[in-house]
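Visitor: I am new to reading protein models, and I would like a close look at one small part. Could you take me through chosen residues slowly, and then show me what lies around them?

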Amino acid sequence: MSEPTITPDIMRISWGPQHPMSGQTRILLDLDGEKIHKITADLGFTHRGMEKILENRTFLKGIIPIERMAMIDTPNIGIGYVMATEEVLGIEVPERANWIRSLVCEMSRISSHLYAFGLQVEATGFFPAVFLWTTADRVLLLDLLEELTGARFSYNFFLPGGVMKDLPEGFEDRVIEIVHYLRRRFKDYWTAMIENVLFEIRCNDVGILTPENAIRLGACGPVVRGSGQPIDVRRDEPYAAYADLDFDVITEPACDSMARTKVRFREIGESLKMMEQIANEIPGGPIRTRFPLFTRSKPGEAYSRVETARGEMGIHMFTNVGMNPYRVKINSPSLRHMYIFERLCELDRMTMADVPVVVNSLDVWYLDADR
Amino acid sequence: MNYVVDFLTLNAKPLLQIYVLPGLAFVLVFSIVAVWFERKFLARAMLRVGPYYCGGRSGVLQLIADFLKLFMKEIIVPEDMNFLFFASMPVLIATLPALTIILIPFDANWVLWNIGGLGLPMFFAIAGIAPLIPVFAGWASNNKYSFIGAFRVAYMYISAEIPLVLCGAAVAIMAGSFNLVKIVQAQQNMWFAVPQFIGFVIFFLGVIIESERAPFDIPVAEVELVLGWRTEYSGILFGFTMMAEYVMFQAWTLLFVTLYLGGYNGPVIFGSVMLSHIIWMLVKFSVVVVLIILIRCIFPRLRLDQTLELGWKYLTPLAVLNLVFVLALKLWGVY
């Protein structure tokens with residue numbers, strides 16, 4: 001990216017990529033004193049050519065790289081690719097496999113939201129205690145996922161036509177045990193952090209994204225729900241087992257950073273409700289239909305929409321006759337939110353200290369944006 | 001034997017004062033103990049154990065190890081820089097606030113420099129120079145993060161020091177003297193924290209702002225400004241800037257205890273008046289230090305504009321109100 005020019009009375013600061021809080025991207029901040037004059041997001045530090053990589057891999061091998069897009073939330077991204085493959089190849093998924101998929105996706109969503117919450121708390125300058133509390137609670141979920149899938153991150157658990165393994169013996173009881181434990185913990189988080197006076201002062205009325213602007217700029221996921229719009233792919237176009245599960249679409253009317261944090265936080269409660277329901281009501285049956293290793297596709301096209309922890313992700317897949325997809329186009333939520341972040345300083349007054357708070361309230365995963 | 005006793009009573013007192021209690025050892029040991037305590041204590045809040053290997057599981061020797069590491073590291077100086085100016089600032093900020101400790105009475109007869117009626121103004125004079133040094137340091141660093149951090153220091157100290165001086169004036173009026181020993185003696189029956197509760201709260205917040213501790217650690221906000229005005233310092237110069245934080249903390253906390261918590265007053269223990277006075281002073285000081293460290297693990301950081309708002313819109317008018325209240329008490333002859 002060529003450096004944009006600045007006027008002499010504006011100071012430009014590089015927030016990243018080598019900065020304690022920035023992550024793997026560079027955000028140029030043009031400062032007028034403490035006030036932010038302009039934000040320029042310089043993406044692409046971790047561009048890996050994900051779409052090109054997928055063209056050169058068979059349908060099955062493509063699952064492995066695409067889960068690297070957001071390491072914190074791998075099942076929710078993998079399921080999008082797997083669903084597109086199933087649609088292109090015309091494969092049916094057994095009902096039990098769909099329920100197991102929903103279970104793994106919700107556990108991953110909780111883990112991702114906990115991580116985002118910890119980072120948001122740290123961005124307000126809180127001593128990193130809460131970040132480590134959420135990390136300690138995430139470990140329980142990761143242990144459970146490890147027992148089920150054999151890995152703590154990047155599970156490669158979803159295959160076209162089903163899932164890799166069935167639930168182990170007594171897994172449902174352990175899920176319910178952890179649901180009860182996490183519910184107790186979330187009461188602590190709510191009183192210690194969300195209702196903390198100084199946390200409220202820092203996050204309220206910061207980075208306001210009105211509902212019109214949220215729709216106009218293409219926000220999705222917890223960001224658009226934090227602006228009061230009940231948009232959720234899980235309810236609008238149910239996939240996996242979401243049509244049979246009871247959950248509410250959480251919205252907050254306040255439109256600021258605090259609203260987005262609260263949405264994420266209350267969504268954890270909905271995910272816990274779904275986990276409990278799945279553990280109690282999961283149907284029996286096979287977990288996988290046959291998917292031959294050397295499957296050849298016919299010419300076709302498929303578009304799958306899934307709700308990842310960061311928002312709606314779309315995967316558009318074209319196929320020719322062959323073992324690889326002809327073209328895969330990924331529409332990721334973090335990229336959209338990065339554009340919104342650039343616009344937010346024009347829509348609302350922002351100071352230097354608000355930058356980490358706002359960017360973490362949008363929960364941008366830079367590798368997801370760069371692909 | 002007689003010779004030893006005579007030596008101790010006649011000659012050892014000034015030496016003890018200079019090198020041990022209000023002096024050198026107290027300043028150095030406080031920095032080390034406070035950092036150790038903060039690490040271990042806050043680690044418990046973070047579900048960790050803190051320093052674990054140096055000096056056994058308590059990790060008491062970790063600070064020595066850190067100091068040696070910092071001391072042996074190369075000092076990296078950016079190009080085109082006035083080295084003397086750049087390097088002298090951390091040394092100054094670590095030593096200048098420590099000078100104020102000579103004014104603090106640990107007993108009527110255990111003051112390093114009883115300057116009489118100039119004690120309190122002298123403290124504010126010495127401590128008032130200290131905020132200039134981070135500004136110079138940030139300026140000398142020729143770095144954008146340091147520059148912003150330096151000006152945040154300037155904004156913050158001005159907004160905090162005016163309420164502090166007004167509160168100090170109220171205390172001096174109530175005690176009828178600027179002499180710190182007389183201020184402590186005036187609190188024999190009742191601590192000034194009780195009649196001047198507003199001033200007590202303002203001064204407590206002011207102490208946290210002045211020592212740049214959470215939730216007012218705005219000039220060194222890590223998530224925004226890497227390390228604020230300390231960004232360019234490395235090696236032992238960085239060590240000095242870290243020590244400066246604790247020296248400021250110690251100086252202002254000691255003044256806070258002297259002005260509002262009755263100073264060295266307390267029941268006589270161990271049969272010796274002077275010893276009990278010194279012990280009470282240290283106990284009160286430790287309690288306030290633990291309280292301020294505890295605040296760090298329950299509150300996030302405020303923004304600069306919010307801190308300035310707090311300073312100018314709330315603390316300064318309330319400090320004036322406190323002063324008026326004290327004057328009224330004086331006029332009605334309550335004090």
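Guide: Let's start with B:V226, which counts as buried because 21 C-beta neighbours lie inside 10 Å, and the cut-off for buried is 20 or more. This valine sits in the loop between helix 10 and helix 11 (235-260) of chain B. Its backbone is worth a look too: B:V226 has a positive phi of about 45°, although it is not a glycine. Keep in mind as we go that this is a predicted model.

Another residue of chain B makes a good partner for this valine. B:L47 also has a positive phi, near 60°, and is likewise not a glycine. You will find B:L47 in the loop between helix 2 and helix 3 (62-72) of chain B. Is B:L47 buried or exposed? B:L47 is exposed, because 11 other C-beta atoms lie within 10 Å and a residue with 12 or fewer is placed in that class.

Now go to the loop between helix 9 (197-210) and helix 10 of chain B, where B:P215 is found. The peptide bond that leads from B:A214 to B:P215 is cis, with omega near 0°.

For a residue inside a helix, try B:A12, which belongs to helix 1 (residues 2-19) of chain B. B:A12 counts as partly exposed, because it has 14 C-beta neighbours inside 10 Å and that class falls between 12 and 20. You can also use this alanine to compare sequence with space: B:A12 and B:V287 are 275 residues apart in sequence, and their C-alpha atoms are 29 Å apart.

Let's step back to the whole of chain B. Its secondary structure comes to 13 helices and zero strands, so reading from the N terminus you meet α elements one after another. The C-alpha atoms fill a box of roughly 60 × 60 × 45 Å along the principal axes. The radius of gyration is 21 Å, which agrees with the value near 20 Å for a compact globule of 335 residues. Buried residues make up 43% of those 335 residues. Among contacts in chain B with a separation of 6 or more, 78% join residues 24 or more positions apart.

Chain B also has a neighbour. Here 23 residues of chain B are in contact with 26 residues of chain A. On the chain B side, the elements that give two or more residues are helix 2 (24-45), helix 10 (222-225) and helix 13 (304-331). That side divides into 14 nonpolar residues, one polar and eight charged.

What does chain A look like? Chain A has 14 helices and eight strands. Its radius of gyration is 21 Å, close to the 21 Å that the globule rule gives for 371 residues, so chain A is as compact as a globular protein of that length. Its C-alpha trace spans about 65 × 50 × 35 Å along the principal axes, and 50% of the 371 residues count as buried.

Helix 5 (residues 129-149) of chain A is a good place to do a sum with me. Its 21 residues should span 30 Å at 1.5 Å a residue, and its end C-alpha atoms are 30 Å apart, which agrees. The buried residues of this helix include A:F131, A:W133, A:L141 and A:L145. The buried residues of helix 5 pack against helix 4 (95-123) and helix 6 (171-194) of chain A, together with helix 2 of chain B. Just after helix 5, A:G150 takes a positive phi of about 95°.

In soluble globular proteins, nonpolar side chains tend to be buried together. Here the largest nonpolar core has 199 residues, and those with the most contacts inside it are A:F341, A:V358, B:V171, B:F203, B:V247, B:A251 and B:F256. As one example, A:F341 touches A:I39, A:A41, A:V358, A:V359, A:L362 and A:V364, leaving out residues up to four places away in sequence.

Finally, a word on confidence. Chain B averages a pLDDT of 85, and 96% of its residues score at least 70. For the complex, the predictor gives an ipTM of 0.81 and a pTM of 0.87. Where pLDDT is low, the predicted coordinates should not be read in detail.

Definitions and conventions. Residues numbered from 1 in each chain as written. Chains lettered and ligands numbered in written order. Predicted model: local features only at pLDDT ≥ 70, side-chain atom pairs only at ≥ 80, totals over all residues. Helix = DSSP H or I, 4+ residues; strand = E, 2+ residues; numbered from the N terminus. Rg over C-alpha atoms; globule rule 2.2 N^0.38 Å. Contact = placed C-beta atoms within 7 Å. Nonpolar A, V, L, I, M, F, W, Y, C, P; charged D, E, K, R; others polar. Core = buried A, V, L, I, M, F, W, Y, C linked by C-beta atoms within 7 Å. pLDDT = per-residue confidence, 0-100. Expected span 1.5 Å × (residues − 1).
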